[in-house]
Amino acid sequence: MPAKYSRESQNPTKSVKASGSDLRVHFKNTHEVAVQISGYPLRKAQRFLRDVVAHKQAVPFRRFNGGVGRTAQVNNFYLATQGRWPEKSCEFLLNLLENAEANAELKGLDSKNLFIDHIQVNQAQRGRRRTYRAHGRINPYMSSPCHIELILSEKGETVPVSAAEKAPAHPTRRGAAALRSRSLRTKPAPKKKTPAPKA
């Protein structure tokens with residue numbers, strides 16, 4: 001049965017998919033890496049992931065960042081001070097990108113023009129093991145696998161948007177109020193009629 005994707009591409013002829021289910025790699029780490037490479041061109045994403053594995057760049061941790069140390073390598077990223085180098089997550093994502101690139105070549109797409117149009121990481125069913133503690137107790141020892149799906153799309157030619165298409169058809173209440181106040185400010189004040197001098 002083919003995998004169901006949470007989103008369909010706008011132009012299926014110019015895009016390819018790849019996914020993995022129940023992957024034994026931590027969900028939280030993989031989520032942070034996926035958020036970072038979303039929207040990247042394919043080559044840039046592959047280069048970034050290889051740099052993370054080599055510890056030349058760090059992945060900024062913005063959501064699952066409790067207890068994550070700070071590093072200067074994330075200073076170039078927006079709103080980030082904490083980061084790590086999740087090697088296993090990067091290797092899994094590199095394999096998925098390689099798989100999607102092979103699908104693109106089979107479809108006849110130019111891999112130089114591909115970018116990550118959609119990437120999503122979901123939690124999978126947790127694996128249950130047990131660990132033995134003092135005084136004969138047993139605690140759970142759970143794994144956190146994940147499902148990953150991604151869509152690569154080919155960049156199309158950008159079409160300039162006309163001014164008529166940019167303007168909203170029905171402005172919101174706040175937008176309408178702003179337009180009214182702007183028009184009142186630009187109108188010249190009415191001239192006061194001065195009474196004619198009496199002879």
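1. In which segment is the place of Tyr5? Tyr5 lies in the segment before S1. The model discussed here is a predicted one. Tyr5 is buried, because its relative accessible area is 17%, and the cut-off for a buried residue is under 20%. Apart from neighbours within four places in sequence, Tyr5 is in contact with Lys17, Ala18, Ser19, Glu149 and Leu150. One of these contacts can be described further: the side chain of Tyr5 reaches the backbone nitrogen of Ala18 at 3.4 Å. Another partner, Leu150, is 145 residues away from Tyr5 in sequence, yet the two C-alpha atoms are 8.6 Å apart in space.

2. The overall layout comes next. The protein has five helices and seven strands. Along the sequence, these elements follow the pattern β-α-α-β-β-α-β-β-β-β-α-α. Of the 199 residues of the protein, 32% count as buried. Among contacts with a separation of 6 or more, 68% join residues 24 or more positions apart.

3. The largest nonpolar core has 37 residues. Those with the most contacts inside this core are Ile37, Phe48, Leu49, Leu97, Leu150 and Leu152. At least two core residues are supplied by each of strand S1 (15-23), helix H1 (27-37), helix H2 (42-53), helix H3 (87-107), strand S4 (114-123) and strand S7 (146-154). H3 gives the most, with seven residues.

4. Leu97 deserves a separate comment. Not counting residues up to four places away in sequence, Leu97 touches Leu42, Ala45, Gln46, Leu49, Ile116, Leu150 and Leu152. Leu49, Leu150 and Leu152 are themselves, like Leu97, among the residues with the most contacts inside the largest nonpolar core.

5. How many of the 11 residues of H1 are buried? The number is eight, and H1 is mostly covered. The buried residues of H1 are Phe27, Thr30, His31, Glu32, Val33, Ala34, Gln36 and Ile37. Their cover includes H2, strand S2 (59-60), H3, S4 and S7. After H1 comes Gly39, which has a positive phi near 90°.

6. Within helix H1, His31 may be examined individually. His31 counts as buried because its relative accessibility is 14%. Leaving aside neighbours within four places in sequence, His31 is in contact with Arg63, Phe64 and Val121. His31 and Gln123 are 92 residues apart along the chain, and their C-alpha atoms are separated by 9.4 Å.

7. The packing of H1 on H2 is the next point. The axes of these two helices come within 10 Å and cross at roughly 140°. H1 and H2 are therefore oblique to each other, as the angle does not exceed the 145 degrees above which a pair counts as roughly antiparallel. H1 passes H2 in a right-handed crossing. Val33, Gln36 and Ile37 of H1 make the contact with Ala45, Phe48 and Leu49 of H2.

8. How, then, are H2 and H3 oriented to each other, parallel or antiparallel? Their axes come within 9 Å and cross at roughly 155°. H2 and H3 are therefore roughly antiparallel. The crossing of H2 past H3 is left-handed. On the H2 side the contact is made by Leu42, Arg43, Ala45, Gln46, Leu49, Arg50, Val52 and Val53. On the H3 side the contributors are Glu87, Cys90, Glu91, Leu93, Leu94, Leu97 and Glu101.

9. Two backbone features merit attention. Most residues other than glycine have a negative phi. His55 is not a glycine, yet has a positive phi of about 60°. His55 sits in the loop between H2 and S2, and is partly exposed because its relative accessible area is 38%. His135, also a residue other than glycine, has a positive phi near 60°. His135 is found in the loop between strand S5 (127-132) and strand S6 (138-143). At a relative accessibility of 78%, His135 counts as exposed.

Definitions and conventions
Residues are numbered from 1 along each chain as its sequence is written. This is a predicted model: local features need pLDDT of at least 70, side-chain atom pairs count only at pLDDT 80 or more; totals for chains, interfaces and linings use all residues. Side-chain values use heavy atoms; hydrogens and water are left out. A nonpolar core is a set of buried Ala, Val, Leu, Ile, Met, Phe, Trp, Tyr and Cys residues joined through side-chain atoms within 4.5 Å. Buried means under 20% relative accessible area, exposed over 50%, partly exposed in between (1.4 Å probe, protein chains only). Helices (H or I, at least four residues) and strands (E, at least two) are DSSP runs, numbered from the N terminus. Contact means heavy atoms within 4.5 Å. A polar contact is a pair of N or O atoms within 3.5 Å; within protein, one must be able to donate a hydrogen and the other to accept it, and residues adjacent in sequence count only if both atoms are side-chain atoms. Axes are lines fitted to C-alpha atoms, for helices over the stretch in contact, and angles run from 0 to 180 degrees between N-to-C directions. Angles under 35 degrees count as roughly parallel, over 145 as roughly antiparallel, 65 to 115 as roughly perpendicular and the rest as oblique. A crossing is left-handed if the near helix is turned anticlockwise from the far one by less than a right angle, and right-handed if clockwise.
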